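Hi,

Here is the structure I promised to pass on. Have a look at it first, and my notes follow right below.

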Amino acid sequence: MTTTPGFLDVAAAAKTFGAATVLDGVDLAVARGEFVSLLGPSGCGKTTLLRIVAGLITPDGGRVVLDGDDITRRPPHRRDVGVVFQNYALFPHLDVAGNVGFGLKARGRKTAEIAPSVERYLDLVRMGAFADRPVKALSGGQQQRVAVARALAIEPKLMLLDEPFSALDRKLREAMQIDLKRILREVGTTAIFVTHDQDEALTMSDRIAVMHAGRIEQLGTPSEIYHRPATAFALDFVGLSTRLAGRVVSASGGEVVVETALGRIPARANLYPGSAAVVGVRPERIRLDAAGPCTVAATLTDVAFQGARVLLHCAADEGDRVLVEAPSLPDGAGPGTRLALSWALEDTLVFPGEGEAS
């Protein structure tokens with residue numbers, strides 16, 4: 001992957017632990033003021049990449065440049081980087097104000113200068129009324145707000161957040177996502193956010209780096225990642241989709257026909273006849289009719305109620321899945337009902353099958 005230099009420029013970052021390659025020459029450029037999420041499953045290398053940027057892990061190869069300065073070999077405390085950890089890492093012997101002001105004190109700031117900064121950032125995270133509280137008396141969400149305020153108080157060039165909301169319940173996590181996005185926008189801080197939660201990444205990010213097996217599979221806006229995934233892995237990991245394995249039976253002029261278990265599906269792609277392929281369609285793009293250029297028939301097996309919508313699960317071969325999002329269950333339909341499904345040609349996503357060159 002090639003990138004242009006950014007405010008943060010990670011080039012060819014590599015790391016192995018024993019025989020395991022955790023990062024395989026990763027490039028990442030982040031613009032000033034941008035919020036970029038590293039998204040991927042456990043073991044994909046996202047936390048290792050963040051810790052290399054923070055200076056907590058030394059890379060085996062590559063470099064890290066921040067605001068024009070090569071910080072690859074600098075110790076963490078000299079990188080001008082704030083870090084918020086998953087476990088908060090607050091100091092239990094200090095009260096809320098003491099935690100927020102700790103970094104400023106360590107940098108030699110005078111008490112008269114520290115107090116206004118502590119007050120500002122506690123107000124920013126809506127914790128101003130808790131300044132004198134011991135951190136042990138706070139809820140998980142409150143502790144996380146204090147951790148964010150502490151990282152921001154030193155006014156770092158770059159903010160790094162390692163799955164900071166994973167221990168919170170869903171409602172609180174969603175509230176914290178909106179608050180953090182607001183806070184970082186107000187202070188104009190550049191941020192990298194590590195998460196395995198696709199909804200979190202889609203909600204918060206300017207861009208998302210989808211990571212898999214030590215590499216960035218795709219880097220793009222939330223809309224690009226969702227609507228135009230670059231690989232079958234990105235299709236699977238971000239959002240729901242119908243996914244059908246097949247084989248190209250014809251190809252001409254940038255269009256192909258893929259034979260699948262549900263029938264032949266036309267698509268726009270540059271693949272060779274005889275090559276394995278994966279066909280994907282987002283569930284909200286599929287209609288319950290046979291009017292579109294891409295049409296198949298499938299048997300309804302289950303219905304998941306999702307409030308304003310229903311998610312229809314249809315029978316598929318092993319390794320395949322057929323998902324349709326609809327406003328409601330068709331009249332008289334139930335498990336065993338045969339459904340006609342169709343969608344537009346431009347909504348068909350096609351990728352090389354396993355073992356095929358991209």
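Strand β14 has both of its faces covered: Ala-276, Val-278 and Gly-280 on one side and Ala-277, Val-279 and Val-281 on the other are all buried. By buried I mean under 20% relative accessible area, with exposed being over 50% and partly exposed in between (1.4 Å probe, protein chains only). That makes six buried residues out of six for the strand, which runs over residues 276-281. Strands and helices here are DSSP runs, numbered from the N terminus: E with at least two residues for a strand, H or I with at least four for a helix.

Before I go on, the ground rules. This is a predicted model, so local features need pLDDT of at least 70 and side-chain atom pairs count only at pLDDT 80 or more, while totals for chains, interfaces and linings use all residues. Residues are numbered from 1 along each chain as its sequence is written, and side-chain values use heavy atoms, with hydrogens and water left out.

Back to β14 and its partners. It pairs in the antiparallel sense with strand β11 (residues 242-252) over six bridges, and Gly-280 stands opposite Arg-243 there. Strand β19 (residues 349-352) also pairs with β14 in the antiparallel sense, over four bridges, with Pro-352 as the bridge partner of Ala-277. For two strands to count as paired, DSSP has to find at least two bridges between them.

Helix α1 (residues 46-54) is also well covered: seven of its nine residues are buried, so the helix is largely enclosed by the rest of the structure. The buried ones are Lys-46, Thr-48, Leu-49, Leu-50, Ile-52, Val-53 and Ala-54. Right after α1 comes Gly-55, with a positive phi near 90 degrees.

Next, the largest nonpolar core, meaning a set of buried Ala, Val, Leu, Ile, Met, Phe, Trp, Tyr and Cys residues joined through side-chain atoms within 4.5 Å. It has 37 residues, and Leu-122, Leu-152, Met-159 and Leu-180 touch the most other members. At least two residues of this core come from each of α2 (96-106), α3, α4, β7 (158-162), α5 and β8. The largest share, seven residues, is supplied by α4. If you want one residue to click on, try Leu-180: leaving aside neighbours within four places in sequence, it is in contact (heavy atoms within 4.5 Å) with Phe-35, Val-148, Leu-161, Phe-165, Phe-193 and Met-204.

Now the charges. How many salt bridges does the count come to? The count is 21, where a salt bridge is a side-chain nitrogen of Lys or Arg within 4 Å of a carboxyl oxygen of Asp or Glu. One of them joins Asp-179 and Arg-126, with the closest N and O atoms 3.1 Å apart. Asp-179 sits in helix α5 (residues 170-187) and Arg-126 in the loop between α3 (111-124) and α4 (140-153), so this pair ties together parts that are 53 residues apart in sequence. Asp-179 is buried at 7% relative accessible area, whereas Arg-126 counts as exposed at 52%.

Also in α5, Glu-186 and Arg-182 meet in a salt bridge at 3.2 Å, N to O. They lie four residues apart, about one turn of the helix, and Glu-186 is exposed at 51% relative accessibility. Through shared partners, salt bridges join Arg-126, Arg-145, Asp-179, Arg-182 and Glu-186 into one network.

One more spot to look at is Ser-205, in the loop between α6 (198-204) and β9 (207-212). Is Ser-205 buried or exposed? At 7% relative accessibility, it counts as buried. Not counting residues up to four places away in sequence, Ser-205 touches Phe-35, Ser-37 and Pro-222. Its side chain has a polar contact of 2.6 Å with that of Ser-37, and it reaches the backbone oxygen of Ala-201, also at 2.6 Å. A polar contact here is a pair of N or O atoms within 3.5 Å; within protein, one must be able to donate a hydrogen and the other to accept it, and residues adjacent in sequence count only if both atoms are side-chain atoms.

Last, confidence. The protein chain has a mean pLDDT (the predictor's confidence in each residue, from 0 to 100) of 93, and 97% of its residues reach 70 or more. Confidence is lowest in α5, at a mean of 89, and highest in β9, at 98.

Cheers
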